Amino acid sequence: MASQQDELKHRITTKSQQNEPQQTEQHTKSAHDNDSKTNKNINKSTRKQIAKRGLKSLTIALTIPLLLTLIDISLFGSSYQYVSMEKPFWFPRLWALHLACLGSSLLMGLSAWLVWAEGGFHRKPMAMLLYLSQLGLSLAWDPVVFKSGATRIGLVLCMALFGVLIACFRAFKNVNPIAGDLVKPCFGWAVLLSLANLKLVYH
């Protein structure tokens, strides 16, 4: 009888020892699965936060220059002299100048945001200075030329704007090629300003 009990205890002990690795493996697998789910949730939450911050910064980067440009146009963008003078059919109308100005402001804002997103303004502070310079020159043209009638100073502003846009293109392209490409259409806007300015000078 004692021997049967000993044999039964030995079987129970052996079976328990055999089950222990399986239980340990199942516990480890369950813990690993839980860690994976936690990491996935954290990654999703982090990605959402990054996306929200990116969208917020993009909105600011586009809204501020557009708003400043709209204010500039509404305050200083009217010119009876420019509207009333004779112009060839291919010459830019006042509304075209304003539209090109808004488009350029939008493109430059997006380009600057791409540079900022790549950390370009931290590595190259001059890029930020160039962006602000072109924004300031573009905003200065309407009050100088249309409001004050200083057309020759306007030509100087146009030449300075060309130079700053070239510098922006080079600086932005080194950080993000797409940002550099977005600057290219802005040269067309600078050409329109120069044509309008020349017409006013020699009118």
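Student: Does Phe 146 count as buried or exposed?
Tutor: This is a predicted model, in which local features need pLDDT of at least 70 and side-chain atom pairs count only at pLDDT 80 or more, while totals for chains, interfaces and linings use all residues. Residues are numbered from 1 along each chain as its sequence is written, and side-chain values use heavy atoms, with hydrogens and water left out. Buried means under 20% relative accessible area, exposed over 50% and partly exposed in between (1.4 Å probe, protein chains only). The relative accessibility of Phe 146 is 10%, so Phe 146 counts as buried.

Student: How many aromatic pairs does a search of the whole structure find?
Tutor: Rings of Phe, Tyr and Trp (its six-membered ring) pair if their centres lie within 6.5 Å; planes under 30 degrees apart count as stacked, over 60 as edge-to-face and the rest as tilted. Searching the whole structure on these terms gives a number of aromatic pairs equal to 4.

Student: Why is the pair of Tyr 82 and Phe 146 described as it is, and how many residues apart in sequence are the parts that it ties together?
Tutor: The ring centres of Tyr 82 and Phe 146 are 5.9 Å apart and the planes lie at 50°, so the pair is tilted. Helices here are DSSP runs (H or I, at least four residues), and strands likewise (E, at least two), numbered from the N terminus. Tyr 82 belongs to helix α2 (residues 80-84) and Phe 146 to helix α5 (residues 125-147), so the parts tied together are separated in sequence by 64 residues.

Student: What span should helix α3 have, and how far apart are its end C-alpha atoms?
Tutor: The expected span of a helix is 1.5 Å times one less than its number of residues. With 24 residues (94-117), α3 should therefore span 34 Å, which agrees with an end-to-end C-alpha distance of 35 Å.

Student: Which residue forms a salt bridge with Asp 181?
Tutor: A salt bridge needs a side-chain nitrogen of Lys or Arg within 4 Å of a carboxyl oxygen of Asp or Glu, and the structure holds 1. Asp 181 is partly exposed at 44% relative accessibility. Its partner is 3 residues apart from it in helix α7 (residues 177-201), so about one helical turn separates the two. The closest N and O atoms are 3.3 Å apart, and the partner is Lys 184.
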